[in-house]
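The following exercises invite the reader to work through a structure step by step. Each task is followed by its solution.

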Amino acid sequence: MTTFVLLTITGLGLAGLYFLVASGLSMIFGLMDVLNFAHGVFLTVGAYMSWWIAERLTFIGSGTLRFVVAVAFGTLVGAAVAALVELVFIRRLYGNHVGQILVTVGLALAGTALIRAIWTPDARTFPSPTWMGETTSVLGAAIPNSRFVAIGTAVALYVGLRLFLRHTRYGLVVRAGVENRPMVTALGINVTQAFTLVFAIGGIAAALGGALTGAYFGVIDPEMGGRLLIFAFIVVIIGGLGSLRGAAIAAVLVGLLQQYANFYALDFGLSGLGDLIVVLLLAVVLLVRPQGLAGKAAV
Amino acid sequence: MSDDLDTVRRDPVSDPGQQTAARSGWARAIPAIVVVAVLAALPFMSVRIPVVFSGELSSPGVLNLLALCLVFGALALTYDLLFGFTGLLSFGHALYFALGVYVTAIAVTEFGWSLLAAVGLTMVVGLIVPIVLGAISLRVGDIAFAMVTLAFAQAGHIFVMRDPLRLTGGEEGLALAYQRLPGIFVGVFNTKYVYWLALGFAVLVYVVSRWAVDSRPGRIWQAIRENEQRVEVIGLEPYGFKLASFVVSSFLAALGGVVYVLLVGGAHPGITAATFTLTLLVMVVLGGTGTLWGAVLGGVLYTYLNNRLVSLSNSATVQDLPDVLSRPLSEPLFILGALFVVLVMFFPGGIAGLRDTAVGDRLRRLLGRLVPAREGADDG
C-alpha cells in the first residue's frame with residue numbers, strides 16, 4: 001500500500017511536469033497548427049536561467065525566497081524566448097506549416113547545442129530549498145515535497161489557463177481561433193497577436209516546467225528538454241490536439257501508467273516497460289480514436 | 001497539409017515528359033557515372049587536399065570519413081523518398097536504420113552468426129517490421145502520422161537504452177565481434193573495402209530510387225504528395241502506395257545500417273534517438289527536398305561538416321576568438337541548426353533549389369556550354 005501511494009503521488013508529480021509542457025504545445029498546435037519542436041528548448045532555458053540567477057543570488061540565502069525569485073526569472077526569460085521565436089521565425093512562415101515545423105526543428109537542434117556550448121554537457125545540481133528535498137508522510141509513504149510542488153503548480157496553471165480562456169477577451173480570441181481561425185480573421189480580429197500571446201504562455205509554462213523538473217530530479221542538463229518533450233508530445237496527442245482538458249487528463253494517465261508499469265515490471269526483470277507501454281497507449285489511442293480523448297475532429 | 005508542401009520543393013524530374021527523359025536517359029547518366037568512377041578510384045589517389053581533408057585521399061582516416069558521408073548521403077535519399085517524394089513526414093526513420101545496425105550487430109556478436117547469415121536476418125527483419133509498423137502508422141495522416149512514427153522510434157530507442165532482453169548493450173552500445181567478419185572488412189588497412197561497400201550502397205540506393213520515382217507507382221507517390229484527395233478521386237487507393245514508399249525507404253535504410261555497422265565496427269544508441277531522424281530531415285532539406293541528387297548531396301555535406309567542424313573549431317584561429325564566439329562555434333550542431341533555420345526561411349529549395357536563383361542561372365549558362373541543355377527542365 002505504501003509503495004502504491006508513493007507511486008501514485010510520484011506519478012501525479014510527473015503528470016504535473018508533463019502537463020506544464022503539454023499545455024503550451026497543445027494550445028500552440030490548436031491555434032496555429034504548429035508542432036513546436038523548440039518547446040523543449042523553452043524548458044531547458046527556463047531551467048538553466050533559474051539555476052544561473054540562483055547561483056548569483058546567494059546573498060538572499062538559500063531558502064524559499066531565492067527559489068521563487070530564481071524560478072520567476074527563469075520563467076520570464078523562457079516566455080521572452082518563446083515570444084521572440086514566434087515573432088522572428090514562425091511569423092515569417094505563415095501558411096507554410098511544414099516550413100514552420102522545420103524551423104522549430106532547427107531551433108531545437110541549435111538551441112540545445114548552444115546551451116551545451118555555454119554550460120557544457122554536464123549535469124548541474126539545481127538549487128532548491130531544503131524543505132523541498134525533505135519528505136512528508138502520506139498514509140505511511142514518505143513523499144518528497146518537490147512532488148507536491150509540481151502537482152500544485154500544474155493544477156494552478158490549469159485553473160489559471162481555464163480562467164484566462166473563459167473570462168478574458170484574449171482567451172475568447174484564442175478559443176475562437178482554435179475553433180475556426182479563418183472566421184475569426186474574417187471578423188476583423190487580429191489573430192497574430194494571439195499567436196504571440198499563446199507562444200509566450202507556452203514559454204511560461206514550459207520554463208516553469210523546466211525549473212520544477214530541476215527541483216524534481218535535483219539536476220539539470222542540456223538534453224532535458226528534448227527528453228521531456230517526447231512524452232509531452234505523447235500527452236498532447238492522447239489528450240487531443242488543442243484541448244487543455246484533454247492534455248490534463250492524458251498527463252495524469254501517462255504519468256501514472258508510466259510509474260506503475262516501470263515499478264511493477266521490475267519484478268519480472270523488465271526495466272523501462274512503463275516508457276514502452278506509454279508509447280503503446282499512444283498507438284492504440286491514435287488507431288481507435290485518432291482525434292485523441294478530447295480533441296476536435298481528426299487533424 | 002499537402003498543399004503547403006508546394007513551397008518547399010521543386011521537381012525537375014516529372015516535368016520534361018516521358019519522351020525527353022527517354023531520349024536523354026543515358027546522356028543524363030554520364031555525369032553520375034563520372035562521379036562514381038572518380039569516387040571508386042579515390043583509394044588509389046595519394047593526393048593531399050589541405051584544409052578540406054586531414055590526410056591523403058587514400059589514407060584510412062579520409063576514406064572512413066568519405067564512406068560515412070556516402071552512407072548518410074544514401075540514407076538521406078531513402079528519407080527523401082518518404083518525405084520529399086511521397087510527402088510523408090516521418091519522425092521515425094532512424095528506427096529502420098537502427099534496425100539494420102542492431103540486428104546485424106546482435107546476430108554476429110550475440111548469436112555468433114556469420115556476416116552473411118546476419119545480413120539475411122537483417123533483410124527479413126528490415127522488411128517485416130516496416131510492413132507491420134507502416135501498416136499501422138499509415139492509418140492516420142499528417143501530424144498524427146508524424147507522431148506515431150516518432151512514438152514507435154522512441155519505443156525502439158527506449159528498448160535499446162534500457163535493454164530488457166540483455167541484447168543491445170544499453171548505453172554502452174555493442175561492438176561487432178570482428179573475429180567473425182570476413183577479413184577484408186577488418187582492420188585499418190582494409191578501410192578501402194568498406195569504402196567501396198559504402199559507395200556500392202550509395203549507387204544501389206540511387207539507382208533504386210531513380211527507378212522507383214520514375215516508375216508508375218513512383219509517379220503516384222508524387223501525386224499523393226501534391227494532392228492526396230485528387231488521387232482518391234481518380235479512383236486510386238493512396239494507402240497501398242504510401243505503404244510501398246514506406247517499406248522501400250525503410251528497407252533501404254536497414255541495408256544502410258548493415259554498411260554502417262561494418263564501417264563503424266559496432267552499434268551505439270545515438271542512432272536510435274529522435275534527434276537522429278531530425279538530422280536526416282535537416283540533410284534532406286539542406287540538399288533539396290524532392291530531388292534525388294540534392295538529398296544525397298545534403299547528407300554528404302552534413303556529415304562532412306558535422307565531422308570536420310569539430311577539428312576546425314579546435315584549430316588555433318577559432319580558439320583565439322573570444323569565448324562568446326569560440327564556444328558556440330565548437331558545437332557543430334549549433335552551426336548546422338542555425339544554417340538549417342536560415343535555409344528553411346530564405347532558401348526553402350535547399351542547394352538543389354539554388355539552381356533557380358540568379359546564381360544558378362549563371363552557373364547553368366556556364367555549364368550549358370559543356371553539357372547539352374535539357375529542354376523544359378526548369379519549368380517545375
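The exercises below concern a predicted model.

**Exercise 1. Describe the make-up of chain B.**

Solution. Begin with the secondary structure: chain B holds 17 helices and 2 strands. Next consider burial: of the 380 residues in chain B, 44% are buried. Finally, turn to the contacts between residues at least 6 apart in sequence: in chain B, 75% of these join residues at least 24 apart.

**Exercise 2. Determine how many residues each chain gives to the contact between chains A and B, and which elements of chain A take part.**

Solution. Step one is the count: chain A supplies 38 residues and chain B supplies 41 residues. Step two is to find the elements of chain A that give two or more residues to this side, namely helix H4 (97–119), helix H10 (224–239) and helix H12 (273–288). Among the elements of chain A, H4(A) gives the most, with 15 residues. Step three is the chemical class: the side of chain A that touches chain B comprises 27 nonpolar, 8 polar and 3 charged residues.

**Exercise 3. Classify the packing of H10(A) against helix H6 (residues 142–162) of chain B.**

Solution. Two packed helices are described by the angle between their axes and the distance between the axes. For H10(A) and H6(B), the angle is about 135° and the axes are 11 Å apart. The two helices are therefore oblique to each other. As to handedness, H10(A) passes H6(B) in a left-handed crossing. The residues that meet are Ile230(A), Phe233(A), Ile234(A) and Ile237(A) in H10(A), and Met147(B), Leu150(B), Ala151(B) and Gln154(B) in H6(B). By class, the residues of this contact are 7 nonpolar, 1 polar and no charged.

**Exercise 4. Carry out the analysis for helix H2 (residues 39–55) and helix H9 (residues 191–217) of chain A.**

Solution. The axes of H2(A) and H9(A) come within 7 Å and cross at roughly 55°. With that angle, H2(A) is oblique to H9(A). The crossing of H2(A) past H9(A) is right-handed. Residues of H2(A) in the contact include Phe42(A), Gly46(A) and Trp51(A), while those of H9(A) include Gly203(A), Ala207(A) and Gly210(A). The contact of H2(A) with H9(A) is divided by class into 9 nonpolar, 10 polar and no charged residues.

**Exercise 5. Decide whether Gly203(A) is buried or exposed, and state what lies around this residue.**

Solution. First locate the residue: Gly203(A) belongs to helix H9 of chain A. Then apply the cut-off, by which a residue is buried if 20 or more other C-beta atoms lie within 10 Å of its own. Gly203(A) has 31 other C-beta atoms within 10 Å, so Gly203(A) is buried. Setting aside neighbours within four places in sequence, Gly203(A) is in contact with Gly24(A), Phe42(A), Gly78(A), Ala79(A), Val81(A), Ala82(A) and Ala83(A). A further pair is Gly203(A) and Thr75(A), which are 128 residues apart in sequence and 7.5 Å apart in space, C-alpha to C-alpha.

**Exercise 6. Check the length of helix H11 (residues 274–287) of chain B against the expected span.**

Solution. At 1.5 Å a residue, the 14 residues of H11(B) should span 20 Å. The end C-alpha atoms of H11(B) are 21 Å apart, which agrees with the expected span. To complete the description, 13 of the 14 residues of H11(B) are buried, so the helix is mostly covered. Just after H11(B), Gly288(B) takes a positive phi of about 135°.

Note on methods: Residues numbered from 1 in each chain as written. Chains lettered and ligands numbered in written order. Predicted model: local features only at pLDDT ≥ 70, side-chain atom pairs only at ≥ 80, totals over all residues. Contact = placed C-beta atoms within 7 Å. Helix = DSSP H or I, 4+ residues; strand = E, 2+ residues; numbered from the N terminus. Nonpolar A, V, L, I, M, F, W, Y, C, P; charged D, E, K, R; others polar. Axes fitted to C-alpha atoms, helices over the stretch in contact; angles between N-to-C directions. Parallel < 35°, antiparallel > 145°, perpendicular 65-115°, else oblique. Left-handed = near helix turned anticlockwise from the far one by under 90°. Expected span 1.5 Å × (residues − 1). Buried ≥ 20, exposed ≤ 12 C-beta atoms within 10 Å, placed from the backbone.
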